[in-house]
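Grab a viewer and work through these short exercises. Each one comes with a solution, taken step by step.

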Amino acid sequence: GRYLNESWFLIRDSLSFAIGQPTFATALANGSTPDDGNYIMELWYRYPYSNHISIMPGLFYLSRPYGQLTQGRMDTFGGVVQVNFTF
């Protein structure tokens with residue numbers, strides 16, 4: 001069959017996680033701190049519905065999405081569902 005030893009995941013399923021940080025300044029010429037560091041995290045699960053259709057729900061998180069222009073505490077959390085059709 002398609003199942004691995006009593007696993008919850010099918011052979012073609014995949015669970016993935018990514019974390020990243022864009023380029024940012026660590027210090028300015030005048031010695032002040034730019035406070036523009038931020039992180040991006042993403043978690044998604046790919047479920048093949050059939051040979052030609054797959055469903056991929058995902059969650060994402062952004063800390064300080066506007067870098068140094070972020071006012072106060074402004075974290076962003078969201079979700080998305082992607083459906084892929086291949087022929």
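**Exercise 1.** Work out what share of the 87 residues in the protein is buried.

*Solution.* Start with the cut-offs: buried means under 20% relative accessible area, exposed over 50%, and partly exposed is in between, with a 1.4 Å probe and protein chains only. With that rule, buried residues come to 16% of the 87. Next, the surface: the protein exposes about 6,900 Å², with areas from the Shrake-Rupley method, a 1.4 Å probe and, for residues, only the protein chains shown as cover. Carbon and sulfur atoms supply 60% of that area.

Two notes before going on. This is a predicted model, where local features need pLDDT of at least 70 and side-chain atom pairs count only at pLDDT 80 or more, while totals for chains, interfaces and linings use all residues. Residues are numbered from 1 along each chain as its sequence is written, and side-chain values use heavy atoms, leaving out hydrogens and water.

**Exercise 2.** Write down the secondary structure pattern along the sequence.

*Solution.* Take DSSP runs numbered from the N terminus: helices are H or I with at least four residues, strands are E with at least two. The count is zero helices and four strands, so the pattern reads β-β-β-β, by that DSSP definition.

**Exercise 3.** Which residues form the nonpolar patch on the surface, and which strand gives the most to it?

*Solution.* A patch takes residues with over 30% relative accessible area and no salt bridge (a side-chain nitrogen of Lys or Arg within 4 Å of a carboxyl oxygen of Asp or Glu). Like charges are joined within 9 Å, and nonpolar side chains (Val, Leu, Ile, Met, Phe, Trp, Tyr) within 5 Å. Here the members are Leu15, Phe17, Ile19, Tyr39, Leu43, Leu59 and Phe77, together offering about 750 Å² of accessible area. Strand S1 (residues 14-20) gives the most, with three residues. Phe17 lies in S1 and counts as exposed because its relative accessibility is 52%.

**Exercise 4.** Is aspartate 13 buried or exposed, and what does its side chain make a polar contact with?

*Solution.* Find aspartate 13 in the segment before S1. Its relative accessible area is 11%, so aspartate 13 is buried. For contacts (heavy atoms within 4.5 Å), skip neighbours within four places in sequence: that leaves Tyr45, Arg46, Tyr47 and Pro48. The side chain of aspartate 13 also makes a polar contact with the side chain of tyrosine 45, at 2.3 Å. A polar contact is a pair of N or O atoms within 3.5 Å; within protein, one must be able to donate a hydrogen and the other to accept it, and residues adjacent in sequence count only if both atoms are side-chain atoms.
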